[in-house]
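Colleague: Please take one part of this model and go through it closely. Which strand partners does it have, and how is it covered?

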Amino acid sequence: MSVKLETARKACTHWDAKAYQQFSRHRQRPVNELLDRVDIKNPKRIYDLGCGTGIATQVLAKRWPRAQLMGIDSSEQMLQQARCLPIKALWKQCDLQNWQPEHPADLLFAAAVLHFIDDHPQLLPRLLKHLNPGGCLAAHMPDWRDALWYQLMLDTLDSGGHDGQPLGTPQLRESMARRPLLSLEDYYRLLAPRCTTLDIWETEQLQIVDGKSPIYDWVKVSALRAVMQGLKDDEQARFIYHFMMRVHAHYPQEGDGHTLFPFKRVFMVVTV
């Protein structure tokens with residue numbers, strides 16, 4: 001295995017804080033868009049769920065400097081970088097599927113994390129129960145299931161092995177083919193009976209990204225982690241090679257050197 005492929009393999013199987021920061025400006029844009037719809041005057045307690053390196057936590061701290069702010073993430077590597085931020089915040093390592101706050105929240109903020117957790121009909125009502133009256137759950141989630149790069153990933157799992165054989169187990173391929181997000185209508189039906197106000201919308205942004213393999217660099221620190229963790233070492237190398245070949249063919253650099261990366265997101269602001 002080449003040094004380049006080995007480095008890529010390690011980046012995909014672990015949360016890579018440095019790699020995640022590569023597109024921090026693009027990752028902060030939906031945070032700002034989501035916060036523009038949050039109408040809470042003086043929240044006392046805020047939890048940033050899946051805070052990562054603290055991209056959203058910094059924005060929250062600037063908007064509500066007097067609030068008690070806590071960042072929650074499952075990756076200690078991410079939290080180590082977040083702890084270096086010049087903001088007043090507490091940090092806790094915890095898997096969100098098992099997370100229980102010590103005190104109810106005025107704001108639960110979840111930027112690009114809830115799509116990693118299955119069973120939203122159970123997850124979202126549980127999170128709403130952690131809010132004080134008048135509290136708010138604000139979340140945005142990438143909706144990548146129909147994206148071209150995601151289909152290329154599924155195609156690589158289906159035929160990237162030796163002589164066009166599948167990679168990984170049938171369970172891995174079935175898991176990656178599932179659609180974790182609900183439709184906007186189903187989110188409404190789930191949440192409307194449990195809240196006082198509800199705002200749900202979706203966007204598609206044409207992200208202009210740079211680098212030799214910017215699409216791969218973006219997804220390797222998020223969606224591809226589950227794939228790589230489910231593959232054997234030799235399968236990981238084959239997957240990276242064949243996936244990157246397909247991505248480069250379908251996402252060529254423009255004449256000006258940039259790469260176009262259409263990206264859909266679902267947003268929701270739920271006030272109880």
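Modeller: Thr203 has Arg265 as its bridge partner in strand 7. That pair belongs to a longer match: strand 6 (residues 197-209) and strand 7 run antiparallel and are joined by 13 bridges. Strands pair here if DSSP finds at least two bridges between them. Strands are DSSP runs of E with at least two residues, helices are runs of H or I with at least four, and both are numbered from the N terminus.

The model is predicted, so local features need pLDDT of at least 70 and side-chain atom pairs count only at pLDDT 80 or more, while totals for chains, interfaces and linings use all residues. Residues are numbered from 1 along each chain as its sequence is written, and side-chain values use heavy atoms, with hydrogens and water left out.

Strand 7 also pairs with strand 5 (residues 131-142). The sense is again antiparallel, over 7 bridges. Here Ala138 has Val269 of strand 7 as its bridge partner.

Now the cover. Strand 7 spans residues 259-271, and 10 of its 13 residues are buried. Buried means under 20% relative accessible area, with exposed over 50% and partly exposed in between (1.4 Å probe, protein chains only). Strand 7 is thus mostly covered. As a general point, side chains in a regular strand alternate between the two faces of the sheet.

To sum up: strand 7 pairs with strand 6 over 13 bridges and with strand 5 over 7.
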